[in-house]
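Subject: Structure for you to look at

Dear colleague,

Here is the structure I promised to pass on, with my notes on it underneath. Please read them with the model open beside you.

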Amino acid sequence: MVVDLATGAETPLAETEAGILGKSLAKNTCPDCGRNGFYVGPSGDASTNIYCANSDCKAAFNFAYVFGEGHAERVGKALDRYKYPGEDAHE
Ligand SMILES: [Zn+2]
């Protein structure tokens, strides 16, 4: 449960934007393009950066499990220096 400190409103974690994103990612589905599959990037603490494997999308997320539920925030796009299979190196 997430509580808004200003209003006191309670929202189940799974219904927050982070929870909705996390639920999709936990099912291996990109919330932006709907395709399945991700590449895994750096991780720290309990979270991991993951990147949509669709090279036309490359949506990037910081994903973690919070209280056993998938939870994520957008962190832009996969960096250009991450070369996708089949792509030429970005030099
Ligand atoms: Zn995608």
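Asn 62 stands opposite Glu 73 in β6, and on the other side of the pairing list Asn 62 in β5 is also the bridge partner of Asn 49. This is a predicted model, in which local features need pLDDT of at least 70 and side-chain atom pairs count only at pLDDT 80 or more, while totals for chains, interfaces and linings use all residues. Residues are numbered from 1 along each chain as its sequence is written.

Helices and strands here are DSSP runs (H or I over at least four residues for a helix, E over at least two for a strand), numbered from the N terminus. By that reading the protein has one helix and six strands, which follow one another along the sequence as β-β-α-β-β-β-β. The C-alpha atoms fill a box of roughly 50 × 25 × 20 Å, taken along the principal axes.

Four of the strands form an open sheet in the order β3-β4-β5-β6, with antiparallel pairing, where two strands count as paired if DSSP finds at least two bridges between them. Because β3 (38–44) and β6 (69–77) stand at the edges with a single partner strand each, one side of each is left without a neighbour in the sheet. Neighbouring strands are turned by 30 degrees against each other on average, direction ignored; axes are lines fitted to C-alpha atoms, for helices over the stretch in contact, and angles run from 0 to 180 degrees between N-to-C directions.

Within this sheet, β4 and β5 pair over five bridges, and the hairpin that they form has six residues between the strands, with Lys 58 taking a positive phi near 60 degrees. Seven bridges join β5 to β6, one pairing being that of Phe 63 with Ala 72 in β6. The hairpin of β5 and β6 has two residues between the strands, and there Phe 67 takes a positive phi near 50 degrees.

The helix α1 lies across β4, β5 and β6, running at about 95 degrees to β6. The largest nonpolar core has 14 residues, and those with the most contacts inside it are Leu 25, Ile 50, Tyr 51, Phe 61 and Ala 72. The elements that give two or more residues to this core are α1 (17–26), β4 (47–52) and β5 (59–66), and its largest share, four residues, comes from β5. A nonpolar core means a set of buried Ala, Val, Leu, Ile, Met, Phe, Trp, Tyr and Cys residues joined through C-beta atoms within 7 Å. Leaving out residues up to four places away in sequence, Phe 61 touches Leu 21, Leu 25, Ile 50, Ala 72, Glu 73, Arg 74 and Val 75, a contact being two C-beta atoms, placed from the backbone, that lie within 7 Å.

Buried residues make up 20% of the 91 residues; a residue is buried if 20 or more other C-beta atoms lie within 10 Å of its own, exposed if 12 or fewer, and partly exposed in between. Glu 10, found in strand β2 (residues 10–11), counts as exposed because it has 9 C-beta neighbours inside 10 Å.

With best wishes
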